[in-house]
Amino acid sequence: MKKNQTCQIRITGYTAEGLGVGRLEDGMAVFVPGAARGDFLEILLVKVLRRHAFGKILQVLQPSPWRTSPDCPVFPQCGGCDFRHLTYEEELSLKAQRVMDAMNRIGGFTLPIPKIVPSPKITGYRNKAQFPVGNGETGVIFGFYRSRSHQIVPIRQCLLQSKEACSLAEAVCRWADQAGAAPYDERAHTGLLRHIVIRQGQGGLHLTLVVREDRLPKSQQLIDMCQEAVPALCGIVINTNPQPGNKILGLGCRTLWGTDRLADQLAGNTFHLSPLSFYQVNHEQTQQLYAYVTELAAPQPDTLALDLYCGVGTITLALASRCHQVIGVEIIPQAVADAKENARRNQVHHVNFLCADAGQAAQRLAEDGFSPQVIVVDPPRKGLDQAAVDAICRMNPQRVVYVSCDCASLARDAKLLAQQGDYRLQQIRAFDMFPRTAHVETVCLLTRMQ
Ligand code: SAH
């Protein structure tokens, strides 16, 4: 088969990125965006490689029973959602299947399809929005980057975000038009406004405006217009990011108005969050996930626990009330400052926080003879590095609870821990933290074989 040929194909499953998968008569796998398992499709081959090809749907000849009509006018152009064409049941099922496949193929673990916990909310579940700003036909616009590009698809509402977040972004764009604040131009590295970052919690809405340089025209007007659009606004921070590149936030933060840190309650504690600190985006689902993490950690009054990659200390504090002592490790200084402050405000005294690379800190703790019964890890997508794996094995806890946003690196690391540290995979559960996107969160318990 060659590029630009058309063919008919039955979709039988999904890739890790959520593309539909089918096979041509000669057995070659074809990946098709926007396809559902069970669809019978006429497709155009848009790219043919040696072992697989990519197709584009020309016509749905027989729709899958799990296909639905997308309910968003910018799907799939905006690149934010992957699955608005599927029923939620099908989305959950494919995510659970994907976790099982990764654990099997990469980790070598044979297990049944794990349970997946549905998200309590499927729309408006995000408490954080990050909108790039650009020039549109009507003036300054916000939106999302088109899939695999930096072209902005303008939006008015987003089904994953709250209405208030979109109203606030709209107010910022109106101000930018009136004040003559130009959007940032990536190629020329000119202009001012880069991103509108909004967080929402019990404390209200918090705006971080990311600019190339800190010279804001008519800033009182910005404050007034934002407050008028969203009375629940609690603060505006100006974040300066002078660097070219994809990183959204720079290091410099200045409070323009109101509070510098949003307050939110999670799993029984109150957290204050700097704009630079990580915080889980799906509040209700995070509480269910943390409850499961605590259940798997099974803390006792004399337990010593280590929480690697602890962010603002959310899991650390959730464990602390039932442990003798918990140490949290996190690399972002602002998050560690937040974590310490959060412990103090919540009157949790038997916790310590270290600002360090998790692997290096764990190595040092192991050398000092620290010997926790429980280690919780919640690393970014790339997973643990070898130093972290080595140190965990050296500290030799009874339980390792692994929280993962990428089941491929989880599978790799669980295999290393099983081989190097004599751990056994005891429990695993997936959590749908990001409905309508291809991301899936997984929590598993590894226990030491005696
Ligand atoms: N457990 C927390 C945070 C998880 S996100 C929660 O549930 O909110 C992962 C965290 O790891 C982020 O806060 C990130 O800043 C931090 N991180 C990334 N690389 C790290 C490293 N090498 N060492 C320590 N922390 C790191």
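## Around the ligand

How far is an oxygen atom of the ligand from an N or O atom in the side chain of threonine 314? In this predicted model, the two atoms sit 3.3 Å apart. Aspartate 357 also uses its side chain: one of its N or O atoms is 2.7 Å from a nitrogen atom of the ligand. With tyrosine 309 it's the backbone that does the job, placing an N or O atom 3.2 Å from a ligand nitrogen. Taken alone, the ligand has 570 Å² of accessible area, and the protein covers 89% of that.

So who else is there? The ligand is surrounded by 16 residues, and the closest are Gln280, Tyr290, Glu330, Asp357 and Ala358. Sort that shell by class and you get ten nonpolar, three polar and three charged residues.

## Helix α6

Now for a look at α6, which runs over residues 333–345. Its 13 residues should span 18 Å at 1.5 Å a residue, and the C-alpha atoms at its ends are 18 Å apart, so the expected and modelled spans agree. Just past the helix, glutamine 347 has a positive phi of about 55°.

Which residues of α6 are buried? They are Ala335, Val336, Asp338, Ala339, Glu341, Asn342 and Ala343. An α-helix makes a turn every 3.6 residues, so positions three or four apart point the same way. The buried residues of α6 pack against one helix, α5 (314–320), and against the strands β15 (269–273), β17 (325–330) and β18 (351–355).

Note on methods. Residues are numbered from 1 along each chain as its sequence is written. This is a predicted model: local features need pLDDT of at least 70, side-chain atom pairs count only at pLDDT 80 or more; totals for chains, interfaces and linings use all residues. Side-chain values use heavy atoms; hydrogens and water are left out. A residue is near a molecule or strand if one of its heavy atoms lies within 4 Å of it. A polar contact is a pair of N or O atoms within 3.5 Å; within protein, one must be able to donate a hydrogen and the other to accept it, and residues adjacent in sequence count only if both atoms are side-chain atoms. Accessible areas come from the Shrake-Rupley method with a 1.4 Å probe; for residues, only the protein chains shown count as cover. Ala, Val, Leu, Ile, Met, Phe, Trp, Tyr, Cys and Pro count as nonpolar, Asp, Glu, Lys and Arg as charged, and the others, Gly among them, as polar. Helices (H or I, at least four residues) and strands (E, at least two) are DSSP runs, numbered from the N terminus. The expected span of a helix is 1.5 Å times one less than its number of residues. Buried means under 20% relative accessible area, exposed over 50%, partly exposed in between (1.4 Å probe, protein chains only). Contact means heavy atoms within 4.5 Å.
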